[in-house]
Every structure is written in structure tokens, then in C-alpha cells.
Amino acid sequence: MPDTTQFRTTTRHMLKESKTYASQTLMGGLSGFESPIGLDRRDRIEALKTGDIGFVHSWDINTSVDGPGTRMTVFMSGCPLRCQYCQNPDTWKMRDGQPVYLDAMIKKVERYADLFKATHGGITFSGGESMMQPAFVSRVFRAAKEMGVHTCLDTSGFLNKNYTDEMIDDIDLCLLDVKSGDEETYHKVTGGLLQPTIDFGHRLAKAGKKIWVRFVLVPGLTSSEENVDNVAKICASFGDALEHVDVLGFHQLGRPKWHELRIPYPLEDQKGPSAALKKRVVEQFESYGLTVY
Ligand code: SF4
């Protein structure tokens with residue numbers, strides 16, 4: 001058996017038990033992609049706009065982590081948010097990613113298409129922020145849909161306006177991070193605005209797409225009863241589109257990356273939630289009639 005832990009150079013941007021994840025992860029990195037090194041800066045910008053290339057941090061094949069079945073998860077580089085609990089600050093800058101040709105990515109999906117179909121899996125774009133590179137992501141999704149492959153977008157929804165209705169058509173499932181329930185807390189946690197997340201969720205629901213919400217529970221930061229109530233109300237407003245809510249307890253697995261990059265880490269001494277707190281929060285979501293994992 002290969003040592004699978006070496007392949008996942010980044011975990012998805014929501015929190016996950018890394019040991020479980022590693023055991024479910026088969027391969028990845030950036031192997032097998034031809035990188036358009038020869039392009040000059042202007043050509044790269046143009047190719048980025050059209051989606052002929054995308055800046056990719058890494059990719060892997062995993063099971064039941066970033067959506068149903070066996071999936072290829074592609075971590076795009078670049079993120080406009082600065083979440084205090086980010087596990088992957090190494091994905092923040094798009095230029096730190098590797099430029100990858102659209103055709104190379106589509107070929108990779110093709111290669112695994114039968115496996116995806118047999119396991120009811122598919123392709124997931126994560127990050128960083130998957131909506132930073134809408135042309136590339138949506139063109140891969142279009143190609144995947146033509147192959148009959150399931151598509152999943154893992155996003156904060158913050159860049160709602162980057163995504164057209166036509167692009168939404170090719171999303172089967174969205175893993176939507178609702179990081180807080182009011183603008184003030186959301187801004188404190190991420191540096192950004194909450195409303196685009198809500199708007200994106202409503203657009204997905206209107207288009208008949210499925211949503212799994214992810215909420216990171218950080219004691220003292222996102223855990224107040226009021227904040228959790230407000231997140232639950234947002235989730236409930238997605239109606240039948242919402243399949244379930246994942247309540248993810250904060251942990252410190254991302255801390256070494258902040259240190260490595262010499263970025264001041266605001267949650268240096270932060271503890272994860274107690275079992276009692278997690279129970280209270282799960283029950284709060286359930287009181288709104290929501291299914292919680
Ligand atoms: S949205 Fe960006 S900053 Fe926030 S957790 Fe994800 S990658 Fe990190």
C-alpha cells in the first residue's frame with residue numbers, strides 16, 4: 001500500500017478529520033497534468049479569462065469526502081476570504097498554483113469517468129475558492145455533464161456574481177459553507193460579506209440543485225446561540241434543496257501551515273468544541289427540522 005498521506009498536500013477548506021481523510025485518499029498532487037509553462041503573462045491572463053487554463057493547487061481521488069461516491073477533488077488556487085480557521089492558507093494566492101490546461105483536466109475526468117459512474121461519484125471543485133476561476137471550472141463541469149459524470153462545487157458562495165445561471169445548470173450538488181449567520185460575525189470570521197452566500201444558495205435552490213451546508217463550530221467565535229439560530233434559518237430558507245447540514249468542530253490541524261507561511265494565526269490557542277457544545281448546536285439545527293451530520 002502506498003503511503004496515502006503524502007498525496008493530499010491540502011485538505012478541503014472545511015474541516016475534516018485528517019486521518020480518516022488520508023485513509024480514503026488514493027492519489028493526487030499535480031501528477032499527470034501538462035503545465036503551460038511557455039505562456040507569457042498576457043497570454044496566461046487571457047487563457048484564465050476564457051478558462052483555457054486554470055490555476056490548480058492539487059487534486060486527489062477520494063471516497064465519500066467531498067460529495068457522494070468516489071470523486072476527483074480539484075483544489076483551485078486563490079481565495080478572496082481570509083477565514084480565521086482556514087486550514088489551507090497556502091491556497092490563498094492564485095499565482096502560487098500550477099497552471100493546468102483545460103484539455104488536460106477534461107482528459108483526467110474522462111479517464112476516471114467509468115469509476116465515477118460505477119460508484120455514483122464524480123468531480124468536485126474545491127479550493128481555495130472554486131468560484132475564483134469560473135470559466136475553467138464551468139467548462140470542466142460542462143464536459144463532465146456531457147460524459148454523464150456527477151458534478152459538485154465546494155464553495156463559500158462569496159463570489160456569487162462570478163457564476164451565471166448557465167454555469168449553475170451544470171452543478172449537481174453544492175457544498176456550501178455558511179460560515180456565520182449575521183454580517184458582523186461573518187465579517188469577523190472571514191473578512192467578507194455573508195449576503196452573497198445566501199443569494200447563491202437561493203439561486204441553487206431555484207435551479208433545483210442539491211445543497212449540503214457546512215458550518216464550522218468554533219467556541220466563542222461562531223458558537224453563540226444567536227449565531228447558530230441565524231445559520232439554521234438561512235439553511236431552512238433553502239427548502240428542499242438542502243439535503244443536510246454538516247457541523248464541523250474546529251481543530252488545529254491547519255496551524256503548522258500558518259506558521260510555515262509566517263502569517264499571524266488568530267486562533268493560536270483556540271480549542272475545539274466540547275461534546276456538550278456540539279450536541280447543543282446539532283439540536284439547535286434539528287429544531288429547525290434540518291438533518292444534521
Ligand atoms: S474560504 Fe478561503 S480563507 Fe476561508 S477556509 Fe476556505 S480557503 Fe480558507
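Me: Is His 120 buried or exposed?
Reply: This is a predicted model: local features need pLDDT of at least 70, side-chain atom pairs count only at pLDDT 80 or more, and totals for chains, interfaces and linings use all residues. Residues are numbered from 1 along each chain as its sequence is written. Buried takes 20 or more other C-beta atoms (placed from the backbone) within 10 Å of the residue's own, exposed takes 12 or fewer, and partly exposed lies in between. His 120 has 12 other C-beta atoms within 10 Å, so it is exposed.

Me: What is the phi of His 120?
Reply: Helices (H or I, at least four residues) and strands (E, at least two) are DSSP runs, numbered from the N terminus. His 120 sits in the loop between α3 (102-119) and β5. Most residues other than glycine have a negative phi. His 120 is not a glycine, yet its phi is positive, at about 55 degrees.

Me: Which residue in the loop between α9 and α10 has a place there and counts as exposed?
Reply: The loop follows α9 (255-260) and leads to α10. The residue has 7 C-beta neighbours inside 10 Å, so it counts as exposed. Its phi is positive, near 55 degrees, and it is not a glycine: Arg 262.

Me: How many residues of strand β8 are buried?
Reply: β8 covers residues 210-217 and is largely enclosed by the rest of the structure. One side holds Lys 210, Trp 212, Arg 214 and Val 216, all buried. The other holds Ile 211, Val 213, Phe 215 and Leu 217, also buried. The count is 8 of the 8.

Me: How many bridges pair β8 with β9?
Reply: Two strands pair if DSSP finds at least two bridges between them. β7 (residues 173-177) runs parallel to β8, joined by 5 bridges. β9 (residues 242-249) also pairs with β8 in the parallel sense, and the bridges there number 7.

Me: Which residue of β8 is the bridge partner of Leu 176?
Reply: Contact means C-beta atoms, placed from the backbone, within 7 Å. The partner touches Leu 176, and also Val 178 and Cys 235, among others beyond four places away in sequence. In β8, the bridge partner is Val 213.

Me: At roughly what angle do the axes of α8 and α10 cross?
Reply: Axes are lines fitted to C-alpha atoms, for helices over the stretch in contact, and angles run from 0 to 180 degrees between N-to-C directions. The axes of α8 and α10 (residues 275-286) come within 9 Å and cross at roughly 40 degrees.

Methods:
Contact = placed C-beta atoms within 7 Å.
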